[in-house]
Amino acid sequence: MRDAKFALEDYVHFLTVERQLAQNTVKSYERDLTAYLRFIESLSVETLDAIDRATVLQYLQKLKDSGKSSRTLSRHISSIRSFHQFLVREQVTTHDCTIHIELPKIEQKLPDILSIPEIERLIDAVDGNTFQGMRDIALLELLYGTGMRVSELIAIDLADLHLTMGFVRVFGKGSKERIVPLGRGAVEACTKYLNEARPGLTGDTEALFLNMHGRRLTRQGCWKILKEAGEKAYIQKAITPHLLRHSFATHLIENGADLRAVQEMLGHADISTTQLYTHVSKKRLKDVYSMYHPRA
């Protein structure tokens with residue numbers, strides 16, 4: 001199929017330049033579509049315009065038979081559908097063969113969270129008398145106190161942190177800026193870190209969090225800090241930045257926070273993503289009822 005290679009190259013260029021998607025997202029699209037087009041070619045389909053709905057369904061059935069999950073199938077369908085819509089828009093093909101193909105229903109997996117006592121144990125387990133410990137406590141307080149992603153945390157500069165006014169400026173996906181309030185715990189921990197520890201961690205003059213070599217803390221460095229804190233606190237769950245993010249959102253909603261406000265603080269583009277945490281909250285209420293009510 002002579003036109004497939006060039007069409008895919010054009011589509012990748014469109015995703016990268018016009019839609020400005022993240023490199024990892026573009027790679028994911030390209031990987032899915034390369035496998036799809038390889039399958040199409042194995043059927044001796046001569047042109048992209050000759051692909052029909054039955055052919056796409058045949059490919060999806062092949063993926064399903066190979067054991068791919070509903071979530072993976074849904075991602076492949078989205079990639080293929082977006083590609084064919086692009087082909088029609090660019091007048092490479094005359095029809096969209098994916099128009100009546102539905103996404104499979106994905107079972108919603110509720111995220112795990114830490115309880116409030118576990119959060120306290122996690123922070124208390126860190127030795128706050130060393131430069132490294134002061135940094136780690138500030139990091140934990142900021143992650144749990146704002147719900148930000150690890151990529152957002154390590155990108156924070158000193159100029160983004162406004163402790164007197166009690167907020168931090170965060171740059172999320174697509175470099176979208178948002179302002180997130182800081183609680184007392186985060187303000188106190190960050191103040192102590194900045195006054196007593198960071199001056200001893202000389203190096204990068206802009207980054208808020210530095211490693212012990214004075215360079216901006218990396219994603220891997222942050223994960224290591226959380227893992228060590230979890231081990232010291234004897235918490236059996238795998239402590240990750242997203243676990244703290246999930247805990248932040250769930251605890252807010254459990255205590256009556258407005259869903260739109262939580263959406264804004266998390267930087268979610270769609271409120272349906274934030275609504276997941278209402279399900280977590282309801283599940284926890286049901287668990288508590290089942291555990292403690294004598295007639296449950």
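At what angle do α6 and α10 pack, and how far apart are their axes? Keep that in mind as you start the tour. The model on your screen is predicted.

**Stop 1: α6 and α10**

Select α6 (131-146) and α10 (241-254). They pack at an angle of about 45 degrees, with their axes 7 Å apart. The two helices are therefore oblique to each other. Now show the side chains. On α6, pick Leu140, Leu143, Tyr144, Gly145 and Thr146. On α10, pick Pro241, Leu244, Ser247, Phe248 and His251. These residues make the contact. Colour them by class: six are nonpolar, four are polar and none is charged.

**Stop 2: α10 and α11**

Keep α10 and add helix α11, residues 259-266. Here the packing angle is about 160 degrees, and the axes are 10 Å apart. That angle is over 145 degrees, so α10 is roughly antiparallel to α11. Their crossing is right-handed. Which residues meet here? From α10 come Arg245, Phe248, Ala249, Leu252 and Ile253. From α11 come Leu259, Val262, Met265 and Leu266. By class, the contact has eight nonpolar residues, no polar ones and one charged. Pause on Phe248: this α10 residue touches α6 and also meets α11.

**Stop 3: the second largest pocket**

Go back to α6 and α10, then add α5 (116-124) and α8 (184-197). What do these four elements share? Each gives two or more residues to the lining of the second largest pocket. The space in this pocket is about 420 Å³. Its lining has 17 residues. Select Glu141, Tyr144, Gly145, Gly183 and Gly185, which lie nearest the pocket centre. Two of them, Tyr144 and Gly145, you have already met in the contact of α6 with α10. By class, the lining holds nine nonpolar, four polar and four charged residues.

**Stop 4: α2 and α3**

Finish with another pair. Select helix α2, residues 23-42, and helix α3, residues 53-65. Their packing angle is about 115 degrees, and the axes lie 11 Å apart. So α2 is roughly perpendicular to α3. α2 passes α3 in a right-handed crossing. Turn on side chains once more. α2 brings Asp32, Ala35, Tyr36, Phe39 and Ile40. They meet Thr55, Val56, Gln58, Tyr59 and Lys62 of α3. This contact divides into six nonpolar, two polar and two charged residues.

Note on methods
Residues are numbered from 1 along each chain as its sequence is written. This is a predicted model: local features need pLDDT of at least 70, side-chain atom pairs count only at pLDDT 80 or more; totals for chains, interfaces and linings use all residues. Side-chain values use heavy atoms; hydrogens and water are left out. On a 1 Å grid over the protein atoms alone, a cavity is a set of points where a 1.4 Å probe fits but cannot get out, and a pocket is an open set with protein on both sides within 12 Å along at least five of seven lines; lining residues have an atom within 4 Å of a point. Grid points are joined across faces, edges and corners, and a volume is the space filled by probe spheres set on the points. Helices (H or I, at least four residues) and strands (E, at least two) are DSSP runs, numbered from the N terminus. Ala, Val, Leu, Ile, Met, Phe, Trp, Tyr, Cys and Pro count as nonpolar, Asp, Glu, Lys and Arg as charged, and the others, Gly among them, as polar. Axes are lines fitted to C-alpha atoms, for helices over the stretch in contact, and angles run from 0 to 180 degrees between N-to-C directions. Angles under 35 degrees count as roughly parallel, over 145 as roughly antiparallel, 65 to 115 as roughly perpendicular and the rest as oblique. A crossing is left-handed if the near helix is turned anticlockwise from the far one by less than a right angle, and right-handed if clockwise. Contact means heavy atoms within 4.5 Å.
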